[in-house]
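Thanks for coming, everyone. I'll take you through one structure this morning. Have a look at it first, and then we'll go place by place.

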Amino acid sequence: MRRRVALGLGLAAALGLAGGLRLLTAPAPDIRETFYVFGTLVEIETHDVPEAQARDAMARVGAHFRQMHRDWHAWAPGALESLNEAIAAGQSFDVDPGLAQLLQQGRALACRSDVLFDPAVGGMVEAWGFHADTPPEGDPPAEAVVAKLLAGHPKMTDLTIAGTTVRSSNPAVQLDLGAYAKGAALDLAAADLTAAGITDAVLNAGGGVQVLGDAGSRPWRVAIRDPFEWGVVAAVSLRPGEALHTSGNYERYFDKGGIRFSHIIDPRTARPMQGIVSVSVLSDSGALSDAAATALCVAGEQDWPRIAAQMGVTAVLMITDDGTMLVTPAMMDRLEPVAGGFPAPITVVDLPKDVAIPVCPAG
Ligand code: AMP
Ligand code: MG
């Protein structure tokens, strides 16, 4: 994109027709559209794209989002709900190729995370009250309910995905794709825009952002929200194709007896994770950044460097309950202080080298 603008201006100067050519080479006004998908507003902005082309591309993305919303929703009628019913009844179920591919991707990511990212824990998420558009009010589930969920031991590796036919060896599996659906959706939307000839755009889905190209003469620059107060922790200038996702305990949660119960469930305890306020992950894939941000919240302060290395992400920012900022060297290189510096001292944490990458059992 930069090259095209530079070439245009160069031509104008050489021909001495700057006034006339400026009309041709001036950037088109930025086009913005907002979509609603999976309970989140997604804003897409294109840069320097003729309006008709941008609107046409957005329409394709909108149709794709509507389909994802129908097929991937964990608690509304649609393909995923039907699949969950079939799993509970011990039956196999045929899904469309897009959902089969997403489930394959989720299964592979789950293995890489030691199944801390586990989209099979939908039953646990529901029991804690998070299968609703508004955060739960009331009490945590009874101990007996939690114990039963834990005993069911649902995990993504219980799934067998043969082409588009999905079955589970464990009826306790209930799929909830919420931990990576947003990232995967932005990957697909970015691919739709690329297919429509759009080279420069930003896709922003509250907690997740992905970019194509740049914003003209400068990169797309985004802020990481401060989870403790209204403000930002830092800014990041995204390189073409990058995705930055943040997960945390401040988005969807309820407080009871001085304890915060968030929507991120630790599959090892069937309870909301504790100790971490937010994790941000920067990578070249929306699905990977999103899944890893959730997995590292669950992994917690001790284990996250190993899980990050296993999942193949290098740029991570973790903020713990007491406000400590733990940052990998790759993320440190990218964080830009905003207005007066970072909100807390930063500890740089190296990721372990030569970790063994877990291999998924066949299925
Ligand atoms: P995120 O905001 O990306 O961290 O995703 C959180 C959502 O993922 C929750 O609202 C649940 O729908 C789902 N979820 C919760 N815990 C897990 C987990 N351990 N692994 C996978 N998905 C989860
Ligand atoms: Mg996530």
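Start at Pro50. In this predicted model, Pro50 sits in the loop between strand 2 (40–46) and helix 3. Buried or exposed, or something in between? Its relative accessibility is 47%, so Pro50 counts as partly exposed. Now look across to Val222. Pro50 and Val222 are 172 residues apart in sequence. In space, their C-alpha atoms are 24 Å apart.

Stay with loops for a moment. Phe38 lies in the loop between strand 1 (31–37) and strand 2. Check its backbone. Phe38 is not a glycine, yet its phi is positive, about 50 degrees. Val115 is another residue other than glycine with a positive phi, near 60 degrees. You'll find Val115 in the loop between helix 5 and helix 6. Its relative accessibility is 21%, and Val115 counts as partly exposed because the cut-off for buried is under 20%.

On to the rings. How many aromatic pairs does the structure hold? Six. Take Phe117 with Tyr180. The ring centres are 5.2 Å apart and the planes meet at 85 degrees, so this pair is edge-to-face. It joins distant parts of the chain. Phe117 is in the loop between helix 5 (97–112) and helix 6 (122–127). Tyr180 is in the loop between strand 5 (165–168) and helix 8 (181–195). That puts the two partners 63 residues apart. Both partners are buried: Phe117 has a relative accessible area of 1%, and Tyr180 has 0% relative accessibility.

There is a cluster too. Trp128, Phe130, Phe254 and Phe261 make up one aromatic cluster. And one ring has a charge over it. The charged end of Arg260 sits over the ring of Tyr253, 3.6 Å from the ring centre.

Next, the metal. Which protein atoms are donors of the magnesium ion, ligand 2? They are Ala179 (O), Asp290 (O), Asp290 (OD) and Thr294 (OG1). They lie 2.1 to 2.4 Å from the ion. Along the chain, the donors follow the spacing A-x110-D-x3-T. Ala179 is in the loop between strand 5 and helix 8, while Asp290 is in helix 9 (residues 286–311), so the pair ties together parts that are 111 residues apart in sequence. Asp290 counts as buried, at 7% relative accessibility.

The loop between strand 5 and helix 8 also holds Asn170. Asn170 counts as buried, with a relative accessibility of 13%. Compare its place with Asp139. The two are 31 residues apart along the chain, and their C-alpha atoms are separated by 28 Å.

Last stop, a pocket. The second largest pocket has a volume of about 240 Å³. Its lining has 14 residues. Which of them lie nearest the centre? Trp72, Gly98, Gln101, Leu102 and Leu188. Three elements give two or more residues to this lining: helix 3 (51–72), helix 5 and helix 8. By type, the lining divides into six nonpolar, five polar and three charged residues.

One thing to take away. The stretch between strand 5 and helix 8 came up again and again. It holds Tyr180 from the ring pair, Ala179 from the magnesium site, and Asn170. Find that loop on your screen, and you can trace the rest from there.

Methods:
Residues numbered from 1 in each chain as written. Chains lettered and ligands numbered in written order. Predicted model: local features only at pLDDT ≥ 70, side-chain atom pairs only at ≥ 80, totals over all residues. Heavy atoms only, no water. Phe/Tyr/Trp six-rings, centres within 6.5 Å; stacked < 30°, edge-to-face > 60°. Helix = DSSP H or I, 4+ residues; strand = E, 2+ residues; numbered from the N terminus. Buried < 20%, exposed > 50% of the residue type's maximum accessible area, 1.4 Å probe, protein only. Lys NZ or Arg CZ within 6 Å of the ring centre and 35° of its normal. 1 Å grid on protein atoms, 1.4 Å probe; cavity = no way out; pocket = protein on both sides within 12 Å on 5 of 7 lines; lining within 4 Å. Points joined across faces, edges and corners; volume = space filled by probe spheres on them. Nonpolar A, V, L, I, M, F, W, Y, C, P; charged D, E, K, R; others polar. Donors = N, O, S within 2.8 Å, 3.2 Å for Na, K, Ca; no water.
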